[in-house]
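Hello,

Here is the structure I said I would pass on. Please take a look, then read my notes below.

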Amino acid sequence: MHPTPLDQSDPLTDFHVREITLDGLSKRVLVAGSGPAVIVMTEMPGISPHVARFSRWVRDAGFTVYMPSLFGRDGVVATAEEGLQIMQRACVSAEFRAFANKKGPNQASPVTQWLRSLARLAHGECQGQGVGAIGMCFTGNFALTMMLEPSMLAPVLSQPSLPFDDPAGLEIGPEDLAAVQQRLQREGLSVLAYRFEGDRYCKAERFAAYSAALGDRFVARVLPDTAASMTGLSPFFEKVVASPHSVVTAHLIDEAGQPTVAARDEILGFFRQRLLSPGLGDHPRLGASNLGASN
């Protein structure tokens, strides 16, 4: 599944590296696979071997993965110090809104406009029913804002962590949130979301706020902390994250019957249902009884 051990840098040689310019902004995007497009947005501190492993699972499930390089060094296992520096730079970057707007309503990070354009491009290149997307941690909220792009059909929010200073913040403007809510209801679409119960960065208040805003279109999965792997972590996850956090990457236990594997399989099933099977508008229920969590 992955060419090197997860504690070593991943050369990512099975991905095609493209420089994609959209809206006047160029970014590296790693692409692999065939079939409908799924955009995998990396968590902090960048495209780690764990993030690449998840992208390969998506690829092998029958999709074309588009994995934009948004921060950090691609394929590297960052030290705690490097990872913290990357996070600090992203927090003050004009592309991201890591903190709540204390003087007015919150807005989505500006980079989501580029990501919406990437979804449009990917759909044109891959065709199919539409596009899926998953954000993780720092990018965890982004897939919801990307629903403003009509080709986006399958949004997944994995431990959405922004804004850092407002546990109930949603990192999306009120008008955009209303537009997304209306689209979800109109088209019978759903948003899947995942977090660990004791996550320091994505707390219960955030899921409660999403649920209040989106109603039954927001399908939440809260995994118990005991479902997280807390051994063999990278220095960044051990020293900086320091809690169960990354459901389908660093804290996933890759063993049959594990709640994190059930979550991964549910996400892949969600993508199949939305992108490979036309006319399905019901809520996803795949694997729900195996997550070991409240829904």
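**Cavities, pocket and a helix pair**

Helix 7 supplies the largest share of the lining of the largest cavity, with 4 residues. Bear in mind that this is a predicted model.

The search of the whole structure turned up 2 cavities of 30 Å³ or more. The largest cavity holds about 70 Å³ of space. Its lining consists of Met 44, Met 87, Cys 137, Ser 161, Phe 164, Tyr 201, Phe 236, Phe 237, Val 240, Val 241 and His 245. By class, that lining splits into 9 nonpolar, 2 polar and no charged residues.

The second largest cavity has a volume of about 40 Å³. Pro 45, Gly 46, Ile 47, Ser 48, Arg 73, Val 76, Ala 78, Glu 82 and Ile 86 line the second largest cavity. Here the classes are 5 nonpolar, 2 polar and 2 charged. Arg 73 and Glu 82 are among the lining residues, and both Arg and Glu count as charged.

Now the open space. The largest pocket has a volume of about 190 Å³. Its lining is made of 17 residues. Which of them lie nearest the centre of the largest pocket? They are Leu 6, His 50, Val 77, Leu 233 and Ser 234. Two elements, helix 1 and helix 7 (235-241), give two or more residues to this lining. Helix 7 gives the most, with 3 residues. So helix 7 is the top contributor both to the lining of the largest pocket and to that of the largest cavity, by the definition of helices used here. The pocket lining has 11 nonpolar, 4 polar and 2 charged residues.

Last, a helix pair. Helix 1 (residues 49-60) packs with helix 8 (residues 259-275) at an angle of about 45°. Their axes are 10 Å apart. How does that angle class the pair, oblique or roughly parallel? Helix 1 is oblique to helix 8, because the angle is neither under 35 degrees nor within 65 to 115. The crossing of helix 1 past helix 8 is right-handed.

Helix 1 makes the contact through Phe 54, Trp 57 and Val 58. Helix 8 answers with Arg 264, Ile 267 and Leu 268. By class, this contact has 5 nonpolar, no polar and 1 charged residues. The charged one is Arg 264 of helix 8.

Over to you.

Notes:
Residues are numbered from 1 along each chain as its sequence is written. This is a predicted model: local features need pLDDT of at least 70, side-chain atom pairs count only at pLDDT 80 or more; totals for chains, interfaces and linings use all residues. Side-chain values use heavy atoms; hydrogens and water are left out. Axes are lines fitted to C-alpha atoms, for helices over the stretch in contact, and angles run from 0 to 180 degrees between N-to-C directions. Angles under 35 degrees count as roughly parallel, over 145 as roughly antiparallel, 65 to 115 as roughly perpendicular and the rest as oblique. A crossing is left-handed if the near helix is turned anticlockwise from the far one by less than a right angle, and right-handed if clockwise. Contact means heavy atoms within 4.5 Å. On a 1 Å grid over the protein atoms alone, a cavity is a set of points where a 1.4 Å probe fits but cannot get out, and a pocket is an open set with protein on both sides within 12 Å along at least five of seven lines; lining residues have an atom within 4 Å of a point. Grid points are joined across faces, edges and corners, and a volume is the space filled by probe spheres set on the points.
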